[in-house]
Structure formats: structure tokens, C-alpha cells
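Me: I've got a structure up on screen and want to talk it through with you. Can we go one question at a time?

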Amino acid sequence: MKRAVFPGSFDPITLGHVDIIDRGLELFDEIIIAIGINADKKYMFTLEQRKEFIEKTFINEPRVKVMTYSGLTIDFCKEQKAPFILRGLRNPADFEFEKAIAHTNSKLSTIETIFLLTSPDTSYISSSIVRDVIRNNGDYTILVPDTVKS
Ligand code: ADP
């Protein structure tokens, strides 16, 4: 059983995340979507709302699990017996940031990070842009799965 953890804030889940998860399911038997709890971060949606949006999106996909965690992602992966971390890459800034984290994780563990490049259709989407559109009463619904309600 090949299991991967897809960690993130998912505030909220977007069509970009969904694309990475759908494509990840071609590579892995099971994907744990892991919502990181960071006490220092301010979120637009509560942890319960973020979890529910993801659960409802993948209600018909038993190979997707949704969990929350705090602490190091590699420790969570070890607990869950997941040797892979899945991440999406949108642009050079993502690459530089992710490279440092992946190198650190591989120094600290044997967990391998697998990157998928974004699809051209969703590469511009980010949760922060979605939050901005919501705050300014724009039509955010074209950027997120229809389970996300503001
Ligand atoms: P974090 O706070 O860890 O960046 P996010 O929820 O913003 O959490 O992102 C989680 C993962 O999803 C990251 O690997 C990020 O690069 C990826 N991701 C975010 N938006 C997109 C997108 N539009 N296309 C592909 N991957 C994306």
C-alpha cells in the first residue's frame, strides 16, 4: 500500500488542491490530506469548516482521508506509516520554498517528497487569492470545489 500525506492549510481547499489530489491518486493507493494546526496563524475558516469542505469534496473517494496534525509533518507521516509527502508546485517561489523544506525533511528522515506541477488551468489559484475574492464579495465559486461555502 503506497500512502502519501498531502499537508497544507487548505484555507479553503481550491481547485488547484483538487487537481493535485486527483492526479496524486494515480500514483498512490491512499492520500491523507493533513490540515496543519498552527496556533500562530490566523485563518478565515475554522479547522472544522476546512475539514468538512475537504471531506465533502471527496465523499465518493474512499482512498482520500482527511486528518489534522500539529508538529512536524515528517513525524505525522511516520505515525501514519506514510513514506511520501505530496506537494504542488505553481511557480519559482513555490520551488525555492519547497526545496528547502524537502531537503530538511530528507536530512531528518527517509520520507520522500513528491512534487506535481500544477495544471495550467489551476496554476494561478491560491487560497489567499480566494480569501481576497471572498472578502471583497467576488465570485469565488469558480476557484473552489462547490462544497466550499463562505
Ligand atoms: P501551505 O500553507 O502549506 O502552503 P496550502 O493549503 O496553501 O498550504 O497548500 C498546500 C499545497 O497545495 C502546497 O503544496 C501548495 O503548493 C499546493 N497548492 C496550492 N495551490 C495550488 C494550485 N493552484 N495548484 C497546485 N498546487 C497547489
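Me: Which elements each supply at least two residues of the shell around the ligand?

Reply: Keep in mind that this is a predicted model. The shell holds 16 residues, and Ser9, Gly88, Thr118, Thr122 and Ile125 are the closest. The elements that each give at least two residues to that shell are β1, α1 and β4.

Me: Where does the ligand sit?

Reply: Start with the polar contacts. An oxygen atom of the ligand lies 3.1 Å from a side-chain N or O atom of Arg87, and the protein covers 87% of the 560 Å² of accessible area that the ligand has on its own. As for the site, the ligand sits in the largest pocket.

Me: How far is an oxygen atom of the ligand from an N or O atom in the side chain of Lys41?

Reply: A polar contact here takes a pair of N or O atoms within 3.5 Å. The pair formed by a ligand oxygen and a side-chain N or O atom of Lys41 is 3.4 Å apart.

Me: Phe10 has a backbone atom by the ligand too, right next to an oxygen. Is Phe10 buried or exposed, and at what relative accessibility?

Reply: Phe10 belongs to the loop between β1 and α1, and one of its backbone N or O atoms is 3.0 Å from a ligand oxygen. The cut-off for buried is under 20% relative accessible area, with only the protein chains counted. Phe10 therefore counts as buried, at 3%.

Me: What is the phi of Phe10 near?

Reply: Phe10 is a residue other than glycine, and yet its phi is positive. The angle is near 50°.

Me: Which other residue that is not a glycine has a positive phi?

Reply: Look in the loop between α3 (73–79) and β4 (84–89). The residue there has a phi of about 55°. With a relative accessible area of 66%, it is exposed, because exposed means over 50%. That residue is Lys81.

Me: Back to the loop between β1 and α1, where Asp11 is found. Which residue has its backbone nitrogen 2.9 Å from a polar atom of the Asp11 side chain?

Reply: Asp11 is buried, with a relative accessible area of 2%. Its side chain still has a polar partner, a backbone nitrogen at 2.9 Å. That nitrogen belongs to Phe45.

Me: And what is the peptide bond from Asp11 to Pro12, cis or trans?

Reply: Pro12 is found in the loop between β1 (3–8) and α1 (15–27). The omega of the bond from Asp11 to Pro12 is near 0°. The bond is cis.

Me: Which residue caps the N-terminal end of α1?

Reply: A side-chain oxygen of the capping residue lies 3.1 Å from the backbone nitrogen of Gly16. Gly16 is itself one of the buried residues of α1, with His17, Val18 and Asp19 also among them. The cap is Thr14.

Me: How far does α1 reach from its first C-alpha to its last?

Reply: α1 has 13 residues, and the expectation at 1.5 Å a residue is 18 Å. The model comes close to that. The C-alpha span is 19 Å.

Me: How far apart in space are the C-alpha atoms of Lys51 and Ile13?

Reply: Lys51 lies in helix α2 (residues 47–57), and at 27% relative accessibility it counts as partly exposed. Along the chain, Lys51 and Ile13 are 38 residues apart. Their C-alpha atoms are separated by 9.1 Å.

Me: Which side chain does the side chain of Arg135 make a polar contact with?

Reply: Arg135 is found in helix α5 (residues 127–135). Its C-alpha is 9.6 Å from that of Met44, which is 91 residues away along the chain. The polar contact is at 3.2 Å, and the partner is Asp132.

Me: One last pair, in strand β3 (residues 64–69), where Val64 is found. Val64 or Lys65: which is buried, with a relative accessible area of 9%?

Reply: Lys65 also lies in strand β3, but with a relative accessible area of 34% it is partly exposed. The C-alpha atoms of Lys65 and Phe10 are 14 Å apart. The buried residue, at 9%, is Val64.

Methods
Residues numbered from 1 in each chain as written. Predicted model: local features only at pLDDT ≥ 70, side-chain atom pairs only at ≥ 80, totals over all residues. Heavy atoms only, no water. Helix = DSSP H or I, 4+ residues; strand = E, 2+ residues; numbered from the N terminus. Buried < 20%, exposed > 50% of the residue type's maximum accessible area, 1.4 Å probe, protein only. Expected span 1.5 Å × (residues − 1). Polar contact = N/O pair within 3.5 Å; in protein donor to acceptor, adjacent residues only side chain to side chain. Near = heavy atom within 4 Å. Areas by Shrake-Rupley, 256 points an atom, 1.4 Å probe, with all protein chains shown as cover. 1 Å grid on protein atoms, 1.4 Å probe; cavity = no way out; pocket = protein on both sides within 12 Å on 5 of 7 lines; lining within 4 Å. Sits in = over half its atoms within 2 Å of the grid points.
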